[in-house]
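Student: Please take one part of this structure and go through it slowly with me. I would like each term to be explained with its cut-offs when it comes up.

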Amino acid sequence: MRRRTFLGMSSGLGIVATGLTTTPALAGGRRPDLTVAVDGGGDHTGIQAAIDAAPAGATEPFVIGVRPGTYLGQVVVPATKPFLELRGLGRRPDDVVIADDRANGTLKPDGTPWGTSGSASVTVSGADFRAVNLTFANLFDEAAHPEITNRQAVAVLTRADRLVFDRVRFLANQDTLYVNSSAAGVVARVHLRDCYVEGDVDFIFGRATAVFDRCRIHSLNRGSTPNGYVTAPSTDITNPYGLLFQRSRFTSDAPAGTVLLGRPWHPGNDPNAIGQTIVRESWIGAHIPDAAWSDFGAWPWEDARFFEYRNAGPGAIVSANRPQLTAEQAGEYTAAAFLRGSDDWTPERC
């Protein structure tokens, strides 16, 4: 996908399907503590500079308001800066774009590759982070770099707990959204609501506990067979909660039956990475075939925790290839259960 597609995409692509409105981002929210503006009209001209200026060890939200524009360069929210909020001050999520353009195989100045995690445009290691009404993108252009064969290019990598993304777009190709934790066996919860996630291969992946509520999940057409995989969870066996999609829409421009819902990722062949993806009460397009799940190398999908429940649409097929939750199980695998944890976390709308 070319750079102009990312920056020129109609915001309606993600908004119409998820019920987003054009309500200004400040409605009902606290005044920003700092503002960022590309034209110099704010406290800072860059996102990272504003994060660097935010207080360390905060115990209440510190809001960075981002005025409309495109902000290029990698962004890191360190673990020492919890409770940061990035809030787009435009009317729609595409008014503010935070992006970078490196891939796994892109070389650092020292001649070594960045790797998948290092490719992330935005890395969030600070707990209680929020992002509202903006776009995160990795603009790596696969067609322009045939010499780079490791093309994983992450838009956002999360490693922290209690994160909220509200009316946010995530744009890339392979490995768009990497929801992870600080270490295997460590639980990190993420709540995404009214969001839009776009990509092709394994573009929502990792071991975090992540709830996608009323989101649009859009698979790009790679022109290949298969055209890609939506999820690649690596949920630790000790964690009962992985990736949950509820009241969401799975869409694509790819031909019917060419995109898989997911495959189980075992990083470093870790046998304890028993991935979980649950899709419930969602609309699934015709791009998803009857055999919706795939093996990942030698790891069979049947050994993972892949389930659906009461989905609709041409791709919502109930068959032996599509394990379904029972009504009793569905009562257990809810957004509240996924996010509650030992601290009884209940994220509120921004």
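Tutor: Over residues 33-341 the chain is 7% helix and 34% strand, and the C-alpha atoms at the two ends are 30 Å apart; helices (H or I, at least four residues) and strands (E, at least two) are DSSP runs, numbered from the N terminus. This stretch is what the UniProt annotation "domain: Pectinesterase catalytic", from an unreviewed entry, covers, and such annotations, whose positions follow the numbering used here and whose names are shortened, may be inferred rather than shown by experiment. The model is predicted, so local features need pLDDT of at least 70 and side-chain atom pairs count only at pLDDT 80 or more, while totals for chains, interfaces and linings use all residues. Residues are numbered from 1 along each chain as its sequence is written, and side-chain values use heavy atoms, with hydrogens and water left out.

Let us begin with Asp202, where UniProt places the feature "active site" (unreviewed entry). Asp202 lies in strand S14 (residues 201-206), and it counts as buried because its relative accessibility is 7%, where buried means under 20% relative accessible area, exposed over 50%, and partly exposed in between (1.4 Å probe, protein chains only). Leaving aside neighbours within four places in sequence, Asp202 is in contact (heavy atoms within 4.5 Å) with residues including Asp175, Tyr229, Arg263 and Phe296.

We turn next to the nonpolar cores, each a set of buried Ala, Val, Leu, Ile, Met, Phe, Trp, Tyr and Cys residues joined through side-chain atoms within 4.5 Å. The largest has 56 residues, and Phe136, Phe165, Phe170, Leu192, Phe212 and Ile217 touch the most other members. Strand S10 (residues 163-171) gives this core its largest share, four residues. Not counting residues up to four places away in sequence, Phe212 touches Leu177, Leu192, Val197, Ile204, Ile217, Leu244, Phe245, Gln246 and Ser248. Of these, Leu244 belongs to a second, separate core of twelve residues, which also includes Ile278, Ala335 and Leu339.

Finally, consider the cysteines. A disulfide is a covalent bond between the sulfur atoms of two cysteines, and here it is counted when the two sulfur atoms are within 2.5 Å. The structure holds zero disulfides. The sulfur of Cys215 is 4.7 Å from the closest cysteine sulfur, that of Cys195, and is therefore too far away for a bond. Cys195, at 0% relative accessibility, counts as buried, and Cys215, at 1%, counts as buried too.
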